[in-house]
Amino acid sequence: MYQEEKPWAPHDLVGCRYRRVQQARHPLTPPSEASQARAQRLVDARAEVFALLPTAPAKGDRRRLVRVDARGDWFATVEALASGANLITDAVLDGHDSGKYWEVHVDVLVRRDDGTYLPVIVNNHRVARPDARKKAQVLHTQRLGLGVPLQVGAKLRRHAADTYAAAMASRALERLGFSCPQAALIGQNRELAYLVDATAIQHSLDSALNAPTPTKAHRVKECASCRFWPFCEEELQTRDDISLMLPGGRSQIYLEEGISSVQQLIDANLGRPSRLAQAWREGVPVLSKVERTHHPRRDVEIDVDVEAYLDQGAYLWGTFDGEQYRPFVTWEGLDDEAEAANFAQFWTWLMGRREAAEGSFGVFCYSAHGENHWLQFSARRFHGKYPGVPSPEEVAAFIASDEWIDVFQQVSAQLEGPFGLGLKVVAPVAGYHWKDDIDGEESVNLYRAGAREVLLDYNADDCKATAAVRRWLDAGAPGVPRM
Ligand code: SF4
């Protein structure tokens, strides 16, 4: 029988709750590579922040600064709080609510002048974006425990696990008599701690703590990198669970109708959904919705794919002109001159090809959300500051033109697929195969590890796969059965 053993942590309150059940059943299952890499990124982030924290007041400042490392120990944390230390690093606090015992790691506790403590949570998210219309309060990491908050123009971004960690820390401090009305988050910019209202986030913590724990597996996006997938997959297959085919909320409408297995969906004869369920059962990846498929062609065709590191910046604009893969890449710091210069080179080259084109011209990409974001965001950040960067208006005109074509839109208008219509699903049907299979999270790790050749090869494959799919679609998608 499932028994709770480990205290609840903030990340347990986010995403699949069945993980806790599986954790108790299979405690020796090692973490997945993805979660190990995530944990390592957090260890590195904490080390960067700890290295920035003050060790003494500035010259001439007569205050004392006592810094205590609690080394992840609850008793040491409480002792340090009682002693009035100015900075307590690697602290642990706990609590009990809604029948759940929880524990939270607090990277830094900062003593304020009134004797209360500000909890600071370090993470790898972007916790705020510059925004002149919004106001946020920040403390410089180098001045934590010494400085006063400053006001900056920035918009805070919420990440559930960080919010729950801040709310738990604040709640535990309140019970110990050290509460302050704020908490702070240090994200990708290690130099700034953004203040958040700790009272306002208590309600969402209560809702998360009160949510029920599921009694059976339901496939969701995060299953792809979850250590318990082999156990859950077996459980789901035994039930022929509908979430195997329709993960997350996509199966909800059928579950409400009492259809909980793939076979029930096939037998229900609901038309399109039943036909897709049948294709899923038979392993048929794509079906055609039209008599004959087509795709727009141009005299000069360029396929494009962008690679970004988290949301810090776009480091690679890959292009393929049907003969040559040409990457525009920077391995230097992002969000500054190197990224701007790389973007300017890419844009100048692309517009040069357009100028020189004899006949019609087209630029293609597969699902343009990322490319549109980085085109617009690069123009907004760098135009007027660095030479060769187009204006936001110029980029907007290009995106709206018929020279910028989203291959995914063409594919989804003409094909259907029980496994979705991602490039990784459709390109193999069109006869294109990747050298390496890398997902988004892995590409982040590869970027950090400096695996440049692998990233360039992967990006080249994405560009070439896009070209292969549109040509195949225009050739009538040979071999694809009708819906
Ligand atoms: S494999 Fe999926 S359903 Fe199972 S515990 Fe992990 S995330 Fe939850």
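**Exercise 1. Burial and overall dimensions**

State what share of the 483 residues counts as buried, and describe the chain as a whole.

*Solution.* In this predicted model, 47% of the 483 residues of the chain count as buried. Next, take the extent: along the principal axes, the C-alpha atoms fill a box of roughly 75 × 65 × 35 Å. The exposed area of the chain is about 23,500 Å², and carbon and sulfur atoms supply 50% of that area. For secondary structure, the chain has 16 helices and 17 strands.

**Exercise 2. Contact range and charge**

Find what percentage of contacts between residues at least 6 apart in sequence joins residues at least 24 apart, then locate the mean positions of the positive and negative charges relative to each other.

*Solution.* Start with the contacts in the chain between residues at least 6 apart in sequence; 64% of them join residues at least 24 apart. For the charges, count 56 positive and 66 negative. The mean positions of these two sets are 4 Å apart.

**Exercise 3. The surroundings of strand 10**

Determine which strands pair with strand 10, and in what sense.

*Solution.* Step one is to place the strand: strand 10 spans residues 192-197, and five of its six residues are buried. Step two takes one partner, strand 6 (residues 136-140), which pairs with strand 10 in the antiparallel sense over three bridges. In this pairing V138 stands opposite Y194 of strand 10. Step three takes strand 9 (residues 182-186), which runs antiparallel to strand 10 and is joined to it by four bridges. Here A183 has V196 in strand 10 as its bridge partner. The connection between strand 9 and strand 10 is a hairpin through five residues.

**Exercise 4. An annotated span and its hairpin**

Describe the span of residues 305-473 and the hairpin formed by strand 13 and strand 14.

*Solution.* An unreviewed UniProt entry annotates residues 305-473 as "domain: YprB ribonuclease H-like". In the model, this span is 53% helix and 17% strand, and its end C-alpha atoms lie 19 Å apart. Now turn to strand 13 (residues 313-320) and strand 14 (residues 325-329): they run antiparallel and are joined by five bridges. One bridge partner pair is L316 with V329 in strand 14. Four residues separate the two strands in the hairpin. In the turn, G322 has a positive phi of about 95°.

**Exercise 5. Is S391 buried or exposed?**

Classify S391 from its relative accessible area and list its contacts.

*Solution.* First locate the residue: S391 is in the loop between helix 11 (369-382) and helix 12 (392-400). Its relative accessible area is 13%. The cut-off for buried is under 20%, so S391 is buried. Not counting residues up to four places away in sequence, S391 touches A379 and H383.

**Exercise 6. Helix 1 and helix 15**

Identify the buried residues of helix 1 and the contacts of N445 beyond its neighbours within four places in sequence.

*Solution.* In helix 1 (residues 18-25), the buried residues are Y18, R20, V21, Q22 and Q23. Helix 6 (229-239) is included in what covers them. N445 belongs to helix 15 (residues 440-449). Once its neighbours within four places in sequence are set aside, N445 is in contact with A37 and R41. As a last distance, N445 and D457 are 12 residues apart along the chain, and their C-alpha atoms are separated by 15 Å.

Technical notes
Residues numbered from 1 in each chain as written. Predicted model: local features only at pLDDT ≥ 70, side-chain atom pairs only at ≥ 80, totals over all residues. Heavy atoms only, no water. Buried < 20%, exposed > 50% of the residue type's maximum accessible area, 1.4 Å probe, protein only. Pairing = 2+ DSSP bridges. UniProt positions renumbered as here; feature names shortened; annotations may be inferred. Contact = heavy atoms within 4.5 Å. Areas by Shrake-Rupley, 256 points an atom, 1.4 Å probe, with all protein chains shown as cover. Lys, Arg positive; Asp, Glu negative; His and termini not counted. Charge placed at Lys NZ, Arg CZ, Asp CG, Glu CD.
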